[in-house]
Amino acid sequence: MAAAPEKKGKDEDNDLDAAATEGRVRAWAEAQAARGRRVALVTSGGTQVPLEARAVRFLENFSSGRRGAASAEQLVRAGYGVCFLHRARSAFPWARALPPHGPALLDALRLTPGPPPGVAADPAALPALLPALREYQRATEAGALLAIEFTGLVEYLALLRAAARALAPLGTGGARV
């Protein structure tokens, strides 16, 4: 009789994610060093902890992540490579130029005639979109921004430890925000 597949617990999943993240951050950091770029680790967004095993209720320290996103943008502009560890659905660098989700975002978009039909942004509704999009694309094309997403506190701590281990060989020559 075949053995049932082994089930992984959340801690094992976090360990696997952390190990993969550590490798990803290490490779990215080596590329930054090869380019002569200093590196900053920016953490952004709040954390959440379940209050019970079958989580229905949570304890949360709320943070929109706007300060972390703005810091990441400024550091990239200053020539740093930024490892951006952020909570899912928190503010993201350069996406802060977009209107909030919901009617404001939908009102800023227009359908364009086809075939095939498309979508265009109303320039009057999004005055900061084009510069933000240009900066974001420049940062990603240059490899200056590495985004790592987390959802809960345990995952955040595992990913933060992994990023710190991967960045440790760079020493203290880069900023840690």
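**Entry 1: Glu73.** I began with Glu73, which counts as buried at 4% relative accessibility. I am working from a predicted model, so I checked the confidence before going further. The protein averages a pLDDT of 85, and 89% of the residues score at least 70. I am leaving residues 1–9 alone: pLDDT stays under 50 there, and the model has three contacts beyond four places in sequence for that stretch.

**Entry 2: what surrounds Glu73.** I placed Glu73 in helix α2, residues 66–77. Which residues does Glu73 touch, not counting those up to four places away in sequence? I found Pro93, Trp94 and Arg96. At Trp94 I looked at the backbone nitrogen, which lies 2.6 Å from a polar atom of the Glu73 side chain.

**Entry 3: the Glu73 salt bridge.** I then followed the Glu73 side chain to Arg77, where the two meet in a salt bridge at 3.6 Å, N to O. The two residues are about one helical turn apart because they sit four residues from each other in helix α2. Is Arg77 buried or exposed? I noted it as partly exposed, because its relative accessibility is 42%, while Glu73 is buried at 4%. Tracing further, I found Glu73, Arg77, Arg96 and Glu135 linked in a network of salt bridges.

**Entry 4: the sheet.** Next I turned to the sheet, an open one of three strands in the order β1-β4-β7 with parallel pairing. Its edge strands are β1 (39–44) and β7 (145–150), each pairing on one side only. Neighbouring strands are turned by 15 degrees against each other on average, direction ignored. I looked up how β4 (residues 81–87) and β7 pair, and found six bridges in the parallel sense. Phe84 stands opposite Ala147 in β7. Helix α2 packs on this sheet, touching β1 and β4, and its direction makes about 170 degrees with that of β4.

**Entry 5: Glu22 and its two arginines.** How many salt bridges does the model have? I get a count of six. At Glu22 I looked up two partners, starting with Arg26: the closest N and O atoms are 3.2 Å apart. Both residues lie in helix α1 (residues 10–34), four residues apart, about one turn of the helix. Glu22 counts as buried because its relative accessibility is 16%, and the cut-off is under 20%. Arg26 is partly exposed at 30%. Glu22 also forms a salt bridge with Arg165, with the closest N and O atoms 3.9 Å apart. That pair links distant parts of the chain, since Arg165 lies in helix α5 (residues 153–167), 143 residues from Glu22. I noted Arg165 as partly exposed, at 47% relative accessibility.

Note on methods
Residues numbered from 1 in each chain as written. Predicted model: local features only at pLDDT ≥ 70, side-chain atom pairs only at ≥ 80, totals over all residues. Heavy atoms only, no water. pLDDT = per-residue confidence, 0-100. Contact = heavy atoms within 4.5 Å. Polar contact = N/O pair within 3.5 Å; in protein donor to acceptor, adjacent residues only side chain to side chain. Pairing = 2+ DSSP bridges. Axes fitted to C-alpha atoms, helices over the stretch in contact; angles between N-to-C directions. Salt bridge = Lys/Arg side-chain N within 4 Å of Asp/Glu carboxyl O. Buried < 20%, exposed > 50% of the residue type's maximum accessible area, 1.4 Å probe, protein only.
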